[in-house]
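Student: I would like to work through this model feature by feature. Where should the reading start?

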Amino acid sequence: MFGVLIRIPCTQRQQWKVADETFCDRKGEACLRAGCAGPKVLLKSALTRGFLKTQAAALPTGPQSSAMIRRGLQGAARLSHHGALPGAPRILPRLSPASAFGSSTDSLVSKFCLERTDLKDYALPNASWCPDMLSLYQEFLEKTKADGWIKLPSFKSNRDHIQGLKLPSGLAVTSDKSDWRLFTRCIPVEGRGYEYVIFFHPSKKKSICLFQPGPYLEGPPGFAHGGSLAAMIDETFSKTAYLAGEGLLTLSINIRFKNLIPVGSLAVLNIDVEKIEDQKLHMSCITQSRDQKTIYAKSSGVFFRLQLEQE
């Protein structure tokens, strides 16, 4: 839902299994046991990567290699923990396996979809919507009455969706800026940028996004820029991941573009949660025309699960 985590592959994958491809700093030691609940330290600076590669290259292959690997990774974890490395990452909070991800989908939806608010909902029809988008919107609106679908509101910032909650300790930032805007809501003029609405089905853990790209998102003349679709897929993934299982941060997205989307036309994103395991949530997406005859893109994504904290 927020930002991107950088994953660093283990240099000794044959010998060590690293939980969530991160290194854990538990009591000053690098804990390499899969499933460890200790604070995770993301080793993502260039110097850290160089340090690990150097250590791995210098290690012998004999019986002493395991001990030397452990000492080398312990040193990198301690340096990163104390901020001695340039761009030292923040430490993600400790997760208790017994209590983590305890929020139900219904409670997440109720917090996300505020019933009474004075905030503007940008996911409502306006004069710029094409006939296909308007008619399919009405179809899904009818499904919200009996088929279990929920129309998600879309405010100008994710901050408005998580009122009373905040990012976990160590990830929050301070700023004197006040006009925050979600990237896909950064063009306020109707019909010029991202026109979209997301419908979510809690029990099926799937979403449908109706997306109409405006002329400010043009790539090839007359067609939407591929990056605009990538951003729309990521945004729909993120909302689905959070509501389906507290997926908060994008780990990876893979997209295979098939056809161009004409500016001003409707593209339908079909999102499915494939599986939820430990701290990862896997999803797939097919973007196609309303009649399903044209596939614009096929994509998959993995999100890191992390609970928000009370303010």
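Tutor: Start with the inventory. This is a predicted model, and its protein chain has six helices and 13 strands. Of the 311 residues, 48% count as buried.

Student: What share of the contacts comes from residues 24 or more positions apart?

Tutor: Among contacts in the protein chain with a separation of 6 or more, such residues account for 70%. As for the surface, the chain exposes about 15,700 Å², and carbon and sulfur atoms supply 51% of that area.

Student: In what order do the seven strands of the open sheet run?

Tutor: To read a sheet, follow the partners from one edge to the other. Here the order is 5-7-8-10-11-12-9, with antiparallel pairing. Strand 5 (150-152) and strand 9 (247-257) each have a single partner strand, so one side of each is left without a neighbour in the sheet. From one strand to the next the twist averages 25°.

Student: Which helices pack on the sheet?

Tutor: For a packed helix, list the strands touched and then the angle. Helix 4 (residues 131-146) touches strand 5, strand 7 (194-201), strand 8 (206-213) and strand 10 (267-277), and its direction makes about 25° with that of strand 7. Helix 6 (residues 226-245) also packs on the sheet; strand 9, strand 11 (280-288) and strand 12 are among the strands it touches. The direction of helix 6 makes about 140° with that of strand 9.

Student: How many bridges join strand 8 to strand 7, and how many to strand 10?

Tutor: Strand 7 and strand 8 pair over eight bridges in the antiparallel sense, with Phe 199 opposite Ile 208. Between these two strands the hairpin has four residues, and Lys 205 takes a positive phi near 50° there. Strand 8 and strand 10 run antiparallel and are joined by six bridges. Strand 8 is mostly covered, seven of its eight residues being buried.

Student: Is Gln 212 in that strand buried or exposed, and what does its side chain meet?

Tutor: Check the accessibility before the polar partners. Gln 212 lies in strand 8 and counts as buried because its relative accessibility is 5%, against a cut-off of under 20%. A polar atom of the Gln 212 side chain lies 2.8 Å from the backbone nitrogen of Cys 130. Leaving aside neighbours within four places in sequence, the contacts of Gln 212 include Trp 129, Met 133, Tyr 194 and Ser 265.

Student: How many salt bridges are there, and what do the pairs join?

Tutor: For each pair, ask how far apart the partners are in sequence and how covered they are. The structure holds seven salt bridges. In one of them, Asp 121 and Lys 151 have their closest N and O atoms 2.8 Å apart. Asp 121 is in the loop between helix 3 (105-112) and helix 4 and Lys 151 is in strand 5, so the pair ties together parts 30 residues apart in sequence. Asp 121 counts as buried at 18% relative accessibility, and Lys 151 does at 17%.

Student: What separates Lys 145 and Glu 142 in helix 4?

Tutor: About one helical turn, because they are three residues apart. Their side chains meet in a salt bridge at 3.1 Å, N to O. Lys 145 is exposed, at 64% relative accessible area, while Glu 142 is partly exposed, at 46%.

Student: Which residues form a network of salt bridges?

Tutor: Asp 132, Glu 139 and Arg 290 are linked in that way.

Terms used:
Residues are numbered from 1 along each chain as its sequence is written. This is a predicted model: local features need pLDDT of at least 70, side-chain atom pairs count only at pLDDT 80 or more; totals for chains, interfaces and linings use all residues. Side-chain values use heavy atoms; hydrogens and water are left out. Two strands pair if DSSP finds at least two bridges between them. Axes are lines fitted to C-alpha atoms, for helices over the stretch in contact, and angles run from 0 to 180 degrees between N-to-C directions. Contact means heavy atoms within 4.5 Å. Buried means under 20% relative accessible area, exposed over 50%, partly exposed in between (1.4 Å probe, protein chains only). A polar contact is a pair of N or O atoms within 3.5 Å; within protein, one must be able to donate a hydrogen and the other to accept it, and residues adjacent in sequence count only if both atoms are side-chain atoms. Accessible areas come from the Shrake-Rupley method with a 1.4 Å probe; for residues, only the protein chains shown count as cover. A salt bridge is a side-chain nitrogen of Lys or Arg within 4 Å of a carboxyl oxygen of Asp or Glu.
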